[in-house]
Amino acid sequence: MDVNGLEANPTYGEIEEIQDEIDKRFKNFKKFDIISDLPFYCLFDKKKPINKHSPLGISSQLTEKLQEESVILEANLPNSILVRAYENRTDLMRAVIMGPPKTPYYHVLFFFDILFPSNYPTCPPKLFCQSQGLDLNHPSLQPDGKLFLRLLETGECWDPNQSNLLQVLVAIQRLALNFKPYFTELEKREYNRNAIIFTSEAIVRTLERPPRDFEDFVAGHFRQRAHAILMNYKEHMDESKGVTQLFIKLLRALEGTGAYCKHHLSQEILEKVSMDERSTNYGIFSRVFTKAKNLADSLA
């Protein structure tokens, strides 16, 4: 199954990606699966009391409800949302949501750790966004992982008889990540630029430390989208040193997936990086020379 919605053997510019183990594992990655390994560490992963009814203290009623949730997810997840459940911790799940098209979050992966409380579905599930500690420039996603969504508010839109996790995940993608503020054209461009810069840093960190159970998906996803991600970043680049350095950092991280990215290194960018490096080296030399001179003067 092609979970990313792109054609097989995509060609970016004149660069055709080579099919290998990364691509094979990516294409075989299921939208929904139950993992038998120990669960991931997350904000909600706390020890639960053991009783005679369940080794994890999860009631049979909650277990039955979560089995229903799994059936719904497996049958109805869109290609842009993937979920992993855990055999030995049925109250925990992990989901990844792709940023929707025509937004500055397109191509970005948003990971959520999910906890079903003991009184689910009377109360909604709790979600924690793996924001990598970054401010993603989004009003619904906080650097500490908190997610603001009306559907997750008890007494607001959550209906214990009708609501489910699938609705929550789709709502995050269609509503929260599709946020469109009422800006002027200039303000909109600035907002998009900042969002792209912040999420590019998140892409780098995700590639450096992909969330457990999604390693194959992360590598394949960003490998196939490397060209589009870099083109989008270049469109919003300015002359500042930090923005150029982040572009190089992003490019190197994407190259780590096996994507060919060298054609994105224009002479102008290389010259800018070289100039920045010379400036940095000169600054270091100047500081060392000044300290040495001050030390010599104090000993004179």
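Reader: I'm looking at strand β6, and I'd like to learn how to read a pairing. Which residue in β6 is the bridge partner of alanine 95?

Author: Good place to start. Keep in mind that this is a predicted model. The general idea goes like this: strands of a sheet pair through backbone hydrogen bonds, either parallel or antiparallel. In our case, alanine 95 has phenylalanine 112 of β6 as its bridge partner. Another pair to look up is leucine 92, whose partner in β6 is leucine 115.

Reader: In which sense do β5 and β6 pair, and over how many bridges?

Author: β5 and β6 (residues 109-115) are antiparallel, with seven bridges between them. Now look at what β5 does with β4 (residues 81-86): that pairing is antiparallel too, over five bridges. Arginine 84 has arginine 94 of β5 as its bridge partner, and a hairpin of five residues links β4 to β5.

Reader: What does β6 pair with besides β5, I mean which strand with residues 126-129?

Author: That's β7, and it pairs with β6 in the antiparallel sense over four bridges. You can follow leucine 115 across to lysine 126, its bridge partner in β7. Isoleucine 114 likewise stands opposite leucine 127 of β7.

Reader: Let's put the strands together. In what order do the five strands of the open sheet run?

Author: The order is β3-β4-β5-β6-β7, and the pairing in this open sheet is mixed. At the edges you find β3 (32-35) and β7, each pairing on one side only. From one strand to the next, the twist averages 20°.

Reader: Now the side chains. Which residues of β5 sit on one side, and which on the other?

Author: The general idea first: in a regular strand the side chains alternate between the two faces of the sheet. In β5, Leu92, Arg94, Val96 and Met98 are on one side, while Met93, Ala95 and Ile97 are on the other. Both faces are covered, and all of these residues are buried. Put as a count, seven of the seven residues of β5 (residues 92-98) are buried.

Reader: And β6, why is it described as largely enclosed?

Author: Because seven of its seven residues are buried, β6 is largely enclosed by the rest of the structure. Leu109, Phe111, Asp113 and Leu115 point one way from β6, with Phe110, Phe112 and Ile114 pointing the other way.

Reader: Which strands does helix α3 lie across?

Author: α3 lies across β4, β5, β6 and β7, and runs at about 30° to β5.

Reader: How do helices α2 and α3 pack, at what angle and how far apart are their axes?

Author: Two packed helices are described by the angle between their axes and the distance between the axes. Here α2 (residues 60-76) and α3 (residues 165-176) pack at about 45°, with axes 9 Å apart. The two helices are therefore oblique to each other. Glu69, Ile72, Leu73 and Asn76 of α2 make the contact with Leu165, Leu166 and Leu169 of α3. Sorted by class, that contact has five nonpolar residues, one polar and one charged.

Reader: Stepping back, how many helices and strands does the protein have?

Author: Seven helices and seven strands. Starting at the N terminus, the elements run β-β-α-β-α-β-β-β-β-α-α-α-α-α. Of the protein's 300 residues, 45% count as buried. The protein exposes about 16700 Å², with carbon and sulfur atoms supplying 54% of that area. Among contacts with a separation of 6 or more, 66% involve residues 24 or more positions apart.

Definitions and conventions
Residues numbered from 1 in each chain as written. Predicted model: local features only at pLDDT ≥ 70, side-chain atom pairs only at ≥ 80, totals over all residues. Heavy atoms only, no water. Axes fitted to C-alpha atoms, helices over the stretch in contact; angles between N-to-C directions. Parallel < 35°, antiparallel > 145°, perpendicular 65-115°, else oblique. Contact = heavy atoms within 4.5 Å. Nonpolar A, V, L, I, M, F, W, Y, C, P; charged D, E, K, R; others polar. Buried < 20%, exposed > 50% of the residue type's maximum accessible area, 1.4 Å probe, protein only. Areas by Shrake-Rupley, 256 points an atom, 1.4 Å probe, with all protein chains shown as cover. Pairing = 2+ DSSP bridges.
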